[in-house]
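Here is a set of short exercises to work through with the model open beside you. Try each task before you read its solution.

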Amino acid sequence: MEEKIPPILRNLCHKPKNVDGLEARKGKKCLGASVQWITRLITKRNTPDWSYDDVPIPFGTKNLVTRTTHAIGPSRVSQPGRHTIDTLRQVVNFGLGPAKLPHSVLLEIQKDLLNYKGVGISVLEMSHRSSNFAKIINTTENLVQELLAIPDNSKVIFVQGGGSGQFIAVPLNLIGLKTGRCADNVVTGAWSAKGAEEAKKIGTVNIVHPKLGSYTKIPDPNTWNLNPDASYVYYCTNETVHGVEFDFIPDVKGAVLVCDISSNFLSKPVDVSKFGVIFAGAQKNVGSPRVTVVIVRDDLLGFALWECPSVLEYKVQAGNSSLYNTPQCFSIYVMGLVLEWIKNSGGAAATEKVSIVKSQMIYYIIGNSQGFYVYPVEPENRSKMNIPFCIGNAKGEDALGKRFLDKALEHNMLSLKGHRSVGGIRTSLYNAVTFEDIQKLAAFMKNFLQMHQL
């Protein structure tokens, strides 16, 4: 039986000699017709009852039509290898970051992508000086302030460079608070170690505890050797590579406390008043890559070293409302949508309760595996965001690890491979990862254990 051709493809299946009065020669795209078709499509899509079938499609625009119909509306075309968002949701993404986004947020992004709130353009092409973007960035900033109950004496700024950019921005802005150019650093994993190395380029770094043989615990704060001449104390609240998380805010005896909170940002409430600076990359819990939130206390502005680039200086960015240079407009927009989703879900108090339950589901499987799954971090310091583990023994059996990842992929579970520096398996349980996602992983881990346990 001959397959019925959808109306939208009918014009593509025949090569008209003339389209809108323009000659369509064999083997050449008719640019004029393409432009006219796009114009008609844009006009039509802004009407409530528009249909793709109402718009003539010029020969030579097949690839354009294929991309556009999947981007701006519910296409009637079923194409092999093409997936809608709803189809993709059957896949579980345990990625470290960029990480899973809430399904409702993705749908909102899809709806607004080509025509943001009826203004006729995308956020991707919107001027950062426009009134429309001003509403976006102000809304996002207000949501950060509301969700974290940020005190009036602190500023929220959005910068570029990720958390790694803040490894150097923090000492450039703060190490000059005291004449000795010294910083106290707590090193409990890969990211705090990198932060300390960057700070050494600017001044003297004092690691406040003896070097750890492995990143499996947080040294007792009572044993920390804090330098009274240090400009600040720096730590990372959650180490994604090794799965170590602070469940307390260190008492640093009145010193300026700086925290990299990238990987558990808004996964629980935080008393911002106890910090001088907090920074967080958005791509794990609150959005997409390339925007970093910095919360800085007002009295710490204006102490940047002379050699600090203006784009990294907190006072410059705060004084220009994060618009000193062109910001990551689209990432700020996405972040605002995720923050709204968190607010509607009950805020940071609610995400904390969910995170505890989700992580316990995985820890239960590991703890009852008779050593098949190995996670060496001390129980009181175990992360609720990132759970890295080995299979077979403490070092991990490569064959078992590969089989686990291959079988997980067959069950549509992605991004479970451990960090390249440590190997093994790692699951990330960020805010958008659902109970159903964790139940699926837990059931898979249990079945894999039963299949391979001696």
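**Exercise 1: an unusual peptide bond**

Task: Find where P98 lies, and say what is special about the peptide bond leading into P98.

Solution. Step 1: P98 sits in the loop between β3 (92-93) and α5 (103-112); helices (H or I, at least four residues) and strands (E, at least two) are DSSP runs, numbered from the N terminus. Step 2: the peptide bond from G97 to P98 is cis, with omega near 5°. Step 3: for context, most peptide bonds are trans.

Before going on, two notes on the material. This is a predicted model, in which local features need pLDDT of at least 70 and side-chain atom pairs count only at pLDDT 80 or more, while totals for chains, interfaces and linings use all residues. Residues are numbered from 1 along each chain as its sequence is written, and side-chain values use heavy atoms, with hydrogens and water left out.

**Exercise 2: the chain as a whole**

Task: How many helices and strands does the chain have, and what percentage of its residues is buried?

Solution. Step 1: the chain has 13 helices and 16 strands. Step 2: of its 454 residues, 49% are buried, where buried means under 20% relative accessible area, exposed over 50%, and partly exposed in between (1.4 Å probe, protein chains only). Step 3: take the contacts between residues at least 6 apart in sequence; 66% of them join residues at least 24 apart. Contact here means heavy atoms within 4.5 Å.

**Exercise 3: one helix and its two sides**

Task: Describe helix α6 by its span, its buried residues and its surroundings.

Solution. Step 1: α6 covers residues 131-148, which is 18 residues, and reaches 26 Å from its first C-alpha to its last, close to the expected 26 Å. The expected span is 1.5 Å times one less than the number of residues. Step 2: the buried residues of α6 are F133, I136, I137, T140, L143, V144, L147 and L148. Step 3: seen down the axis of α6, these buried residues fall within an arc of 120°, so they line one face of the helix; the arc is that of the directions from the helix axis to the C-beta atoms. Step 4: on the face turned away from the buried side are the exposed residues S131 and K135. Step 5: the cover over the buried residues of α6 includes β4 (154-159), β12 (292-297), α10 (329-344) and α11 (347-367). Step 6: after α6 comes A149, with a positive phi near 50°.

**Exercise 4: a helix pair**

Task: What is the angle between the axes of α11 and α13, and which residues make the contact?

Solution. Step 1: two packed helices are described by the angle between their axes and the distance between the axes. Step 2: the axes of α11 and α13 (residues 435-452) come within 9 Å and cross at roughly 5°. Axes are lines fitted to C-alpha atoms, for helices over the stretch in contact, and angles run from 0 to 180 degrees between N-to-C directions. Step 3: that crossing makes α11 roughly parallel to α13, a label for angles under 35 degrees. Step 4: α11 brings V354, V357, K358, M361, I362, I365 and I366 to the contact, and α13 brings F435, I438, Q439, L441, A442, M445 and K446. Step 5: these residues divide into 11 nonpolar, 1 polar and 2 charged. Ala, Val, Leu, Ile, Met, Phe, Trp, Tyr, Cys and Pro count as nonpolar, Asp, Glu, Lys and Arg as charged, and the others, Gly among them, as polar.

**Exercise 5: two residues and their partners**

Task: Is F448 buried or exposed, and what does L300 contact?

Solution. Step 1: F448 lies in α13 and, at 2% relative accessibility, counts as buried. Step 2: not counting residues up to four places away in sequence, F448 touches F372, Y373, I391, L400, R403 and F404. Step 3: F404 is 44 residues from F448 along the chain, with 7.4 Å between their C-alpha atoms. Step 4: L300 lies in the loop between β12 and α9 (314-319) and is buried at 4% relative accessibility. Step 5: leaving aside neighbours within four places in sequence, L300 is in contact with L174, L177, V256, G276 and V277.

Key:
Parallel < 35°, antiparallel > 145°, perpendicular 65-115°, else oblique.
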